[in-house]
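Colleague: Could you zoom in on one part of this model for me, and then work outward from there? I'd like the cut-offs spelled out as you go.

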Amino acid sequence: MSRPSRRAIATGTLITLVAGSVAMGAVSANAAELPATLLTTASTWKFSDNGTDPAAGNANRLAWTVAGFDDSAWKSGAGAFGAKNGAAVPNLGSGFPVTTVVNQYLDPTAATKVDVPTYHFRTKFDLTNDQLGAISGLSGSVVYDDAVQIFINGTKVAGFADDRVNAADPATQNLTYAGNGLSDPVTSAFTVPNAVLHSGTNTVAIALYQDRATSSDVYLDLKSLAPVAEQVGAASLSDLVLGVGSDETQRNLAWYSSADTAQVVQFAPAAAYTGGAFPASATSVAATGGPTTSGEFNRFATISGLASNTAYVYRVGAEGAWSAVESFRTQDFEGAFDLLFFGDPQIGSSGNVANDAAGWLDTVNVATQTYPDAELLFSAGDQVESASSEAQYQAFLGPDQLREVPFVATNGNHDVGSKAYEQHFNTPNTDRTAGAGTGSASGGDYWFIYKDVLFMNLNSNSRDYSTHIPWMQQVVAEHGDDAKWKVLAFHHSIYSAGPHATDSDVADRRANLPTVISDLGIDLVLQGHDHSYARSYLLRNGEKANADEAAGADQVVAGPGGVLYVTANSASGSKYYGLQASGFPWLSVSNQENVRNYSAVEISDAAITVKTLRSQAKGDANPVNSVVDQVTLTREGDDSGVAQQVQVTVPEAAAGEFAWSIDGTNGLVDLGTAVQKADAFEANGAINPIRVSDTRRGAPVWSISAQAGEFAAGGETFSGKYLGWSPKVTEAGGGANAGAPVGSGFDGGDGLSVASTLGSATAGHAFGAAKLGADLFLKVPSNIAEGTYTATLTLTALS
């Protein structure tokens, strides 16, 4: 059975991890029927280079990316496109020839020239119905400087170095500066799923961003957009998901196959993957499975024996029918970690699968770009609107991150009505008799341990408490003593603020579950279902545990039996519910702004911080990644403190009047793996935010500064001067102002090796609190010895 509309994984994609880059190439099994590529460098584009927003006056900022947009007044030219210092013949180097010169400056005659922030390009290609049915998607290659977003038929299919675009207010995203100040154009690969294509004419739109108003050059070359053919004469593979295993040393895999053939997963350390050949030393693990409700065959396999802090490559299938080569990496097997919690994607709920999929993809991208080291992607349930809809599952499984970061599935009321949920997700330690399903409905409870945290996941569609409760009691009895925290998840929120809060079935769960949850010492409960955000007070046996706990407190301390319940809002924007007016006694915080959310759950030995953020802006005051709510949970009598790998010197201050602290519990400021560019290695990151509150009489001046020590790895060192930053005020208040940017000493100066101001307030400033942050930028000579380097960033407050 061939289903070309599915997100197929039987492609010729290759991934190289060692250099931190991704390279892709398409393999066509029907070369006689499909063109080698639909677009090339020489393709003709319409483009706008005059510094105007092509969607100005339109509520839909992507109106310019779809068919029917009037680009007749735009210029026309063939790639590659570029400019450098306003020259008539730009010279970006022999590897980056320019065919069409674009206008570089908003006003070329001005004494002080300002670069055009964003360029807009449009072209199109045609696909016949037969061609569309023969391909699993497209594989593209683009060369750009400084940042780029690529859209096909109005759906974003790729974004590179576009973090600043995503963080900007949607009203300004078409016309803004973005990128990482690239010294040379960068080549990146991307894929286009079959789902965004259609027969006939398809529209391609590209936004090309300048890094800053004084950038020296800009460049764009879409080198290829090649059809990726379904493999002929072999099983077609699709729907690959990397799931969480029983512990951090395992990964569970699930995928679909068009044929009932013997298949395996092969995996190997990424360091062994060179020259485009999958390592001969790879380990193979046989897969199990059977027929699916959609007429295909599913396959499950488990990768075991993983090492910590290691990148791996893997593929699934069999000889002649391999999937793309995918990748993941493990991190430390102990200590603090982050997970990302997503509320009901429910793809298809709005009636527009493509729109729901785009919102879901954008939230996943925003979340994983903000938390690139997140170790789990955690679902609140309701992956799809219709339990048996494979088109909706295709859209849900679109984000590449679901093949790169372990996914934790939860069975929602829109998932339960088919066996497709059980067939798509390979959950660990699953007991199908607890919260059992039926012959046509999915069921079962499961558990896993990840870095000393015990996670339990219930099928709350079943209200068979006689199986749920003994199962939880047994799991905690057998594994609870080994866990520093216990986290429970189920779909139907019992402490929400939306319309489901008063449903009879929810009231029944609320009457039967809270006491056992408290008795078992569960710390945190993650829920969905009500498509709005809610956070409970600490509850013991369903009652407020501490009568003095203030609504919206950002620090809560749990005594015995105290439990924090969190309900997630929609991650896709497919559906929102309003808040009930009733004053629910369990409710500490509720929020409904009809914008997409996600929650970052930061877990350390001493605390759990749940930070809920907007993945979609709500006006100028609440941009992407602004905080909806944040709370840090600690336990009574736990004096181990909140660990941060940042040294802090605190001077004497007016008691109780001036306060500052490091926000959250993620103890590592990780710049990741540096990327070599020309004669330097470069890396980026961000400090853990600093909260500042000042209510002193007279409002005297205050400032917070930082200084970086030497970076060391074994016996090797390099100076902290190579570290620079861009301070910012992420939550305004109290008259706080950001310090001046400090560049890397690689380009001159002392960088952060000398004390530099993060933020300050002048005398007589307003009372209040603020949050300070800073984007870090490291640039070191390319002759630095290989190693993982650490340094101390010492922060000092003066007041």
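Modeller: Let's start at the N-terminal end of helix 3, which Asn-352 caps: one of its side-chain oxygens sits 3.2 Å from the backbone nitrogen of Ala-354. That is a polar contact, meaning a pair of N or O atoms within 3.5 Å; within protein, one must be able to donate a hydrogen and the other to accept it, and residues adjacent in sequence count only if both atoms are side-chain atoms. Bear in mind that this is a predicted model, where local features need pLDDT of at least 70, side-chain atom pairs count only at pLDDT 80 or more, and totals for chains, interfaces and linings use all residues. Numbering runs from 1 along each chain as its sequence is written, and side-chain values use heavy atoms, with hydrogens and water left out.

Helix 3 itself covers residues 353-370, and its 18 residues reach 26 Å from first C-alpha to last, close to the 26 Å expected. The expected span is 1.5 Å times one less than the number of residues. Helices (H or I, at least four residues) and strands (E, at least two) are DSSP runs, numbered from the N terminus.

Which residues of helix 3 are buried? Among them are Asp-356, Trp-360, Asp-362, Val-364, Asn-365 and Val-366. Buried means under 20% relative accessible area, exposed over 50% and partly exposed in between (1.4 Å probe, protein chains only). The buried residues pack against helix 2 (163-167), strand 21 (337-342), strand 22 (376-379), helix 4 (390-396) and strand 34 (597-603), with contact meaning heavy atoms within 4.5 Å.

From the record, UniProt puts "domain: Calcineurin-like phosphoesterase" (unreviewed entry) at residues 340-533; its positions are in the numbering used here, feature names are shortened, and annotations may be inferred rather than shown by experiment. The end C-alpha atoms of that span are 15 Å apart, and it is 31% helix and 17% strand.

Helix 6 (residues 465-479) makes a good second stop: its 15 residues should span 21 Å, and its end C-alpha atoms are 21 Å apart, which agrees. Its buried residues include Tyr-465, His-468, Trp-471, Met-472 and His-479. Looking down the axis, the buried residues fall within an arc of 165 degrees, so they line one face of the helix; the arc is that of the directions from the helix axis to the C-beta atoms. On the other side, Ser-466 and Ala-477 are exposed. The cover over the buried residues of helix 6 includes strand 26 (485-492), helix 7 (504-512) and helix 8 (514-519).

Now a loop: Asn-541 sits between strand 29 (539-540) and strand 30 (543-544). At 37% relative accessibility, Asn-541 is partly exposed. Beyond its neighbours within four places in sequence, Asn-541 touches Pro-514, Thr-515, Ser-518 and Asp-519. Its C-alpha is 40 Å from that of Gly-351, 190 residues apart along the chain.

For strands, try strand 33 (residues 587-591): 4 of its 5 residues are buried, so it is largely enclosed by the rest of the structure. Strand 33 pairs with strand 28 (residues 533-536) in the antiparallel sense over 4 bridges, with Ala-534 bridging to Ser-590. Two strands pair if DSSP finds at least two bridges between them.

Elsewhere, 5 strands make an open sheet with mixed pairing, in the order 4-3-11-6-9. Strand 4 (100-101) and strand 9 (186-193) are the edges, each pairing on one side only.
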